[in-house]
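Thank you all for coming; today I would like to talk about how two chains can sit together, and I will try to explain each term as we reach it. Please have a look at the picture first.

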2 protein chains.
Amino acid sequence: MKIGIIGLGLIGGSLGLDLRSLGHFVWGMSRKEATCESALEMGAIDKWFSDFIHLPQDNDVIFLCTPIGGIIPTLQDLVTTDRLLPQTIVTDVGSVKTAIVTEGEKLWSNFVGSHPMAGNAQSGIQAAQAHLFNARPCAVIGQPSSPQASLVAQLWRSVGMEVYFCDTVAHDRAVAWISHLPVVVSAALSLACDREDSSAIKQLSRALASSGFADTSRVGAGNPELGKWMAQANKQSLLTAIDNYETSLAQLKQTIESEAWDDLEYHLTTAHNLRPHYLRE
Amino acid sequence: MKIGIIGLGLIGGSLGLDLRSLGHFVWGMSRKEATCESALEMGAIDKWFSDFIHLPQDNDVIFLCTPIGGIIPTLQDLVTTDRLLPQTIVTDVGSVKTAIVTEGEKLWSNFVGSHPMAGNAQSGIQAAQAHLFNARPCAVIGQPSSPQASLVAQLWRSVGMEVYFCDTVAHDRAVAWISHLPVVVSAALSLACDREDSSAIKQLSRALASSGFADTSRVGAGNPELGKWMAQANKQSLLTAIDNYETSLAQLKQTIESEAWDDLEYHLTTAHNLRPHYLRE
């Protein structure tokens with residue numbers, strides 16, 4: 001296939017590496033020529049462009065891998081500059097789907113939303129790696145009976161992903177729990193620790209912090225702009241998740257206040273038993 | 001030196017490996033003979049015992065590496081069975097210090113509390129590994145001017161740890177933030193996700209859960225009994241930390257409810273900037 005990738009960061013670059021190794025022709029686009037050159041050198045793309053006007057038109061699929069706020073503007077540019085043939089399928093990798101797919105389908109009838117759940121602690125083309133997507137889950141918006149959604153699913157499966165078809169509302173509600181709530185919960189930890197009013201204790205807590213703090217605070221300390229976009233685009237589901245979280249936290253706190261230690265152990269055992277249901281082999 | 005380790009799990013076993021490689025004679029004790037044999041085979045100890053009455057008396061230092069609830073009963077047994085010479089120093093590795101050190105000092109004047117902040121996701125003698133403590137922080141209760149605390153600090157430093165002297169109250173307040181609060185915050189995440197009332201959405205959220213959920217939920221899904229003990233032994237500091245956490249979480253929630261997106265991004269940026277102060281190179 002002839003495939004375009006717009007946005008050459010961790011996701012776009014890693015996808016290019018895998019798709020090229022499967023024999024597809026892959027072009028890449030970034031506004032930054034240095035990024036394009038890096039992607040070409042590492043073998044993530046066959047050719048690069050830095051503006052819309054020179055993009056080829058005869059593409060089978062275009063992946064929009066820009067930051068979430070750039071997805072719809074990029075699709076708009078593709079339409080405005082007449083870069084899409086009627087049969088070209090456009091998909092994205094954004095972490096919220098209702099807002100993006102609603103707008104995307106208005107702009108292009110062959111738009112299919114995707115959300116590959118893969119990444120690492122880094123970002124940018126230099127962090128791109130082969131097999132990033134292997135054995136990771138990917139949501140594809142639509143039904144398996146849709147030729148467009150089916151083709152997009154096939155491409156994600158070809159790079160090793162396990163595809164789940166769903167609608168945008170189900171997607172956004174599901175990721176509010178396991179992706180967006182953790183960001184808020186985790187950010188609040190770093191913010192809370194900073195509320196210690198003795199500077200000596202604060203210094204000691206910083207010195208003694210270990211893997212428990214590091215893991216729990218990690219996703220909340222990621223890209224603040226991405227966190228803001230995700231909350232904007234998934235406001236209601238995220239608020240529902242936070243409300244439920246506050247209830248669970250208050251329940252744990254209550255057992256400690258009332259010294260109901262067996263109840264505390266019961267809830268911690270429940271958490272211990274629940275977590276494996278969310279983890280992949 | 002002649003060193004005893006009582007409790008041959010991840011911490012006790014790893015400590016034995018490192019201390020023996022430094023040339024010390026190390027005996028180990030566990031109630032389970034199979035555990036003792038494993039520790040001997042992997043080179044974590046020179047000799048083992050499974051009851052108090054046969055323990056040697058001429059020890060320089062004994063490390064109590066049992067689960068937290070076993071520390072004081074073990075010290076009591078050492079005293080009752082007359083296994084301690086006046087000069088023998090006894091230390092422990094428990095994650096709370098006021099409760100343990102207060103009792104420990106009553107039972108043995110040469111008792112020094114320690115808290116090495118090292119571990120991994122596993123437990124038990126099979127998880128023991130050399131260099132587990134290297135470049136990790138360790139709290140030692142007391143002043144550097146105390147010969148007993150100084151000797152204990154020297155041993156922890158010899159296995160690569162960075163030692164911080166402090167009193168029990170400062171220790172417990174500091175670890176409430178960075179060690180005990182994360183357990184509660186993290187457990188509440190798994191419990192909250194289970195509150196989704198649609199089973200289809202719950203299934204989808206479990207299928208899509210990725211590294212963000214995995215990291216944030218990890219410490220809350222650890223040993224429930226350890227979580228209970230830690231809350232019992234550090235109740236007041238933990239409740240203070242939870243109160244402050246609730247305030248920070250409510251602040252984040254408020255920015256989302258009121259769509260104060262710039263404020264949300266400001267708080268997320270603060271979290272992003274705070275976290276590195278807690279992380280070691």
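I will begin with the relation between the two chains, then turn to the area between them, and then go through three pairs of helices.

A word on conventions: this is a predicted model, in which local features need pLDDT of at least 70 and side-chain atom pairs count only at pLDDT 80 or more, while totals for chains, interfaces and linings use all residues. Residues are numbered from 1 along each chain as its sequence is written, chains are lettered from A and ligands numbered from 1 in the order in which they are written, and side-chain values use heavy atoms, with hydrogens and water left out.

Two copies of a chain are, in general, related by a rotation about an axis and a shift along it. Here a turn of 180° with a shift of 0.0 Å along the axis lays chain A on chain B with an RMSD of 0.0 Å, the superposition being by least squares on the C-alpha atoms of residues with pLDDT of at least 70 in both copies. That is the relation of a two-fold axis. The same surface serves both copies, since 100% of the contact residues of chain A recur in chain B, where contact means heavy atoms within 4.5 Å. The residue of chain A that comes closest to the rotation axis is A:T216, at 2.2 Å for its C-alpha.

How many residues of chain A are in contact with chain B? There are 92, and they meet 92 residues of chain B. The area buried between the chains is about 8,900 Å², with 67% of it from carbon and sulfur atoms; buried area is the accessible area, with a 1.4 Å probe, that two parts lose on being put together, summed over both. In chain A, A:L208, A:R275 and A:Y278 lose the most area to chain B, together 9% of what that side buries.

Now to the helices, which are DSSP runs of H or I of at least four residues, numbered from the N terminus. Axes are lines fitted to C-alpha atoms, for helices over the stretch in contact, and angles run from 0 to 180 degrees between N-to-C directions.

Take helix α10 first, residues 235–257 in each chain: the axes of α10(A) and α10(B) come within 11 Å and cross at roughly 165°. That makes α10(A) roughly antiparallel to α10(B), given that angles under 35 degrees count as roughly parallel, over 145 as roughly antiparallel, 65 to 115 as roughly perpendicular and the rest as oblique. Their contact residues divide into 14 nonpolar, no polar and 10 charged; Ala, Val, Leu, Ile, Met, Phe, Trp, Tyr, Cys and Pro count as nonpolar, Asp, Glu, Lys and Arg as charged, and the others, Gly among them, as polar.

Next, helix α11 of chain A (residues 261–274) and helix α9 of chain B (residues 224–233) pack at about 140°, with their axes 8 Å apart. That makes α11(A) oblique to α9(B), and their contact has 5 nonpolar, 4 polar and 4 charged residues.

Finally, helix α6 of chain A (residues 168–193) packs on α11 of chain B at about 65°, with the axes 9 Å apart, and the two are therefore roughly perpendicular.
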